[in-house]
Amino acid sequence: MNYRLTLASAALVALMSTSGAYAQEPVEGGDFVIAMAVTLSELDPHATTGLPTRYVGAHLYDGVLTRGETGEIIPQLAESWEMSDDAKTYTFVLREGVTFHDGSGFDAADVVASWERMKESGIDRGVMGLVDRFEQVDDRT
């Protein structure tokens, strides 16, 4: 009984000490630090299927598509996409105004280069090997 009371008291103190953080005004800039109890062997998402790298990579890199909270496929770098009737051709239209972290432009050539790299040397090259080719139609397609 004493153990439960101590645990409940500690939880209450922890909640009370953090509740003030929610009332503060947002601040731009600074550092946001998250700790993980693992050592990342790699930050290249093409080089590993390790979950820690995938978790961190999800916050560092954007994909053409991603999954929503309930597993539905949603656009991320894509604005829209369509699939041919035979499901062999997929056409992605990329969002306008996307830039890399250094401010340089992003376009369909970057997606093709990334996918070609995955196909040639990525950890998922077995799946990507099923793809015949990637084609850039214009800067956004």
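Author: In this predicted model, a salt bridge is a side-chain nitrogen of Lys or Arg that lies within 4 Å of a carboxyl oxygen of Asp or Glu.

Reader: With which residue does the side chain of Arg 54 meet in a salt bridge?
Author: A search of the whole structure finds six salt bridges, and one of them brings the side chain of Arg 54 to a carboxylate partner at 3.6 Å, N to O. That value falls within the 4 Å allowed for such a pair, and the partner is Asp 124.

Reader: How many residues apart in sequence are the parts that Arg 54 and Asp 124 tie together?
Author: Arg 54 counts as partly exposed at 34% relative accessibility, and Asp 124 is likewise partly exposed at 30%. Arg 54 lies in helix H2, whereas Asp 124 lies in the loop between helix H3 (108-121) and helix H4 (125-128), so the pair joins parts of the chain whose separation in sequence is 70 residues.

Reader: In what order do the elements of the chain run from the N terminus on?
Author: The chain has four helices and four strands. Starting from the N terminus, these elements follow one another as α-α-β-β-β-β-α-α.

Reader: Within what arc do the buried residues of H2 fall, seen down its axis?
Author: Helix H2 covers residues 51-60, and among its residues Thr 53, Val 56 and Gly 57 are buried. They line one face of the helix, because seen down the axis of H2 its buried residues fall within an arc of 105°.

Reader: Which residues are exposed on the other side of H2?
Author: An α-helix has 3.6 residues a turn, so residues three or four places apart point the same way. Two residues of this helix, Leu 51 and Tyr 55, also belong to a nonpolar surface patch of about 1000 Å², whose members include Phe 32, Ile 34 and Met 36 as well. The exposed residues on that other side of H2 are Leu 51, Tyr 55, Ala 58 and His 59.

Reader: Is His 46 buried or exposed?
Author: His 46 has its place in the loop between helix H1 (2-19) and H2. Leaving aside residues up to four places away in sequence, His 46 touches Ser 114, Arg 117, Met 118, Ser 121, Gly 122 and Ile 123. Its relative accessibility is 13%, and because this is under the cut-off of 20%, His 46 counts as buried.

Reader: Which residue in the turn between S3 and S4 has a positive phi?
Author: Strand S3 (residues 78-83) and strand S4 (residues 90-94) run antiparallel and are joined by five bridges, with Glu 82 standing opposite Thr 91 in S4. The two strands form a hairpin with six residues between them. The residue in question is partly exposed, with a relative accessible area of 36%, and its phi is near 60°, a positive value in a residue other than glycine; this residue is Ala 87.

Reader: With which residue besides Asp 132 does Arg 133 form a salt bridge?
Author: The side chains of Asp 132 and Arg 133 meet in a salt bridge at 2.4 Å, N to O; Asp 132 is exposed at 59%, and Arg 133 counts as exposed at 53%. Arg 133 also forms a salt bridge in which the closest N and O atoms are 2.4 Å apart, and this partner is Glu 135.

Key. Residues are numbered from 1 along each chain as its sequence is written. This is a predicted model: local features need pLDDT of at least 70, side-chain atom pairs count only at pLDDT 80 or more; totals for chains, interfaces and linings use all residues. Side-chain values use heavy atoms; hydrogens and water are left out. Patches are made of residues with over 30% relative accessible area and no salt bridge: like charges are joined within 9 Å, nonpolar side chains (Val, Leu, Ile, Met, Phe, Trp, Tyr) within 5 Å. Accessible areas come from the Shrake-Rupley method with a 1.4 Å probe; for residues, only the protein chains shown count as cover. Two strands pair if DSSP finds at least two bridges between them. Buried means under 20% relative accessible area, exposed over 50%, partly exposed in between (1.4 Å probe, protein chains only). The arc is that of the directions from the helix axis to the C-beta atoms. Contact means heavy atoms within 4.5 Å.
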